[in-house]
Each structure stands twice: as C-alpha cells, then as structure tokens.
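These are my notebook entries on a structure that I had not examined before. I set down what I looked up, entry by entry.

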Amino acid sequence: MSWTRLFGRAGLAVAASATLLLGLNGCFTERQNEGAKLYAAHCASCHGDQGQGLERLIPAVAKTDYIARHRAELPCIIRKGMKGPVTVNGIAYNQVMPGHEDLTDSQITNLLNFLQTNWGNTNQPYTIREASELLGRCNGSDGQ
C-alpha cells in the first residue's frame, strides 16, 4: 500500500521529508564519531585506548590538567607534534610526540573535542573557527 493511498498528499510530503531527514542524519552521524575514530587511528597506540598513557613514558590524556591549561596550544601540538619536557598531572615526561600534518582543521577540531569531553575531561569544546585560528598561529616545528 502506498503512502499516498494511506495518507493522501500530506502523507507523501511527510514521507519525503522523513526520507530527506534520515539521509541528512546519516551524514551527521558519520561525522559524529569522527573524533573517536581519529583518536583510535592516530593517538591510541601511544596514549592508550582509554587515554590512560603509558606509565611514566607517555602522558595520559584522560582526566588530565594539561588539556584544560593548554587549550590554545593543543591544535598546534596535534598538527606539529612536540618535543621537550612536559608536566601532566604533576608527572614530568620528556618524549617526542609526532605531529599529524595530514589532518585537516576540521579533523583536528573533532579529535580535540573528543579529548575535551571524554574520559573525565569536562572542558569547553572548540569551534572549527577557533581551532582554525589557533592552527593559523602554529610556529615552525614543535607546536610549543
């Protein structure tokens, strides 16, 4: 039985709208979990699948003071990497973190927002505009 027969022209319009919304929802759903997917692909091998870090070698990104205190530097750290000493949750680290220059501004924003709002981090998410502006200020080589 067709939508028109069941509900008339109004029903057909509702069905068409629902189909369009479901299609659009699919687009947004794919991007919805992009931060988690990017973390798994680019960060989890070092920082851990739950952001727990690796003992005193690699800092945690879960429940960390560093993410809140270094908001302006984080986009550049993701893009350019970093080297030299860093203190996270009172523990000193001194390892090289590679950059991810292949990630777009949008991907870096989604990755950072995943970190900002998961695993005990309750920080304000970035807008794409904010992250892009911060990325535009990245200096030469080490994100610091």
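Entry 1. Before placing any loop, I noted how elements are named: helices (H or I, at least four residues) and strands (E, at least two) are DSSP runs, numbered from the N terminus. I also noted that this is a predicted model.

Entry 2. I looked first at the loop between α3 and α4, where K63 has its place. Phi of K63 is near 45 degrees, a positive value in a residue other than glycine. I recorded for comparison that most residues other than glycine have a negative phi. K63 counts as exposed, at 62% relative accessibility.

Entry 3. I then looked up E55, which sits in the loop between α3 (44-47) and α4 (65-69). E55 is not a glycine, yet its phi is positive, at about 45 degrees. Its relative accessible area is 72%, and E55 is therefore exposed, since the cut-off for exposed is over 50%.

Entry 4. Is T64 buried or exposed? T64 lies in the loop between α3 and α4, and I found it buried, at 7% relative accessibility. The cut-off for buried is under 20%. With neighbours within four places in sequence left aside, T64 is in contact with V88, N89 and N121.

Entry 5. I followed the contact from T64 to V88, which is found in strand β1 (residues 86-88). V88 counts as buried, with a relative accessibility of 4%. Which residues does V88 touch, not counting those up to four places away in sequence? I listed P59, A60, T64, D65, Y66 and Y93. For P59 I also noted the separation: its C-alpha atom is 6.4 Å from that of V88, although the two residues are 29 residues apart along the chain.

Entry 6. I turned to helix α2 (residues 34-42) and asked which of its residues are buried. They are E34, G35, L38 and Y39. Around the axis these residues cover an arc of only 135 degrees, which puts them on the same side of α2. The face turned away from that buried side carries the exposed residues K37, A40 and A41.

Entry 7. I next examined how helix α6 (residues 105-116) packs with helix α7 (residues 128-136). The angle is about 110 degrees, and the axes are 9 Å apart. That makes α6 roughly perpendicular to α7, because angles of 65 to 115 degrees count as roughly perpendicular. The crossing in which α6 passes α7 is right-handed.

Entry 8. Which residues of α6 and α7 meet? On the α6 side I found D105, S106, I108 and T109, and on the α7 side I128, A131, S132 and L135. By class, this contact has four nonpolar, three polar and one charged residues.

Entry 9. I closed with the burial of α7, whose buried residues are A131, L134 and L135. Seen down the axis of α7, these fall within an arc of 100 degrees, so they line one face of the helix. On the other side of α7, R129 and G136 are exposed. I looked up what covers the buried residues of α7, and the cover includes α5 (74-80) and α6. Two of the buried residues, A131 and L135, are also among those that meet α6.

Conventions. Residues numbered from 1 in each chain as written. Predicted model: local features only at pLDDT ≥ 70, side-chain atom pairs only at ≥ 80, totals over all residues. Heavy atoms only, no water. Axes fitted to C-alpha atoms, helices over the stretch in contact; angles between N-to-C directions. Parallel < 35°, antiparallel > 145°, perpendicular 65-115°, else oblique. Left-handed = near helix turned anticlockwise from the far one by under 90°. Contact = heavy atoms within 4.5 Å. Nonpolar A, V, L, I, M, F, W, Y, C, P; charged D, E, K, R; others polar. Buried < 20%, exposed > 50% of the residue type's maximum accessible area, 1.4 Å probe, protein only. Arc of directions from axis to C-beta.
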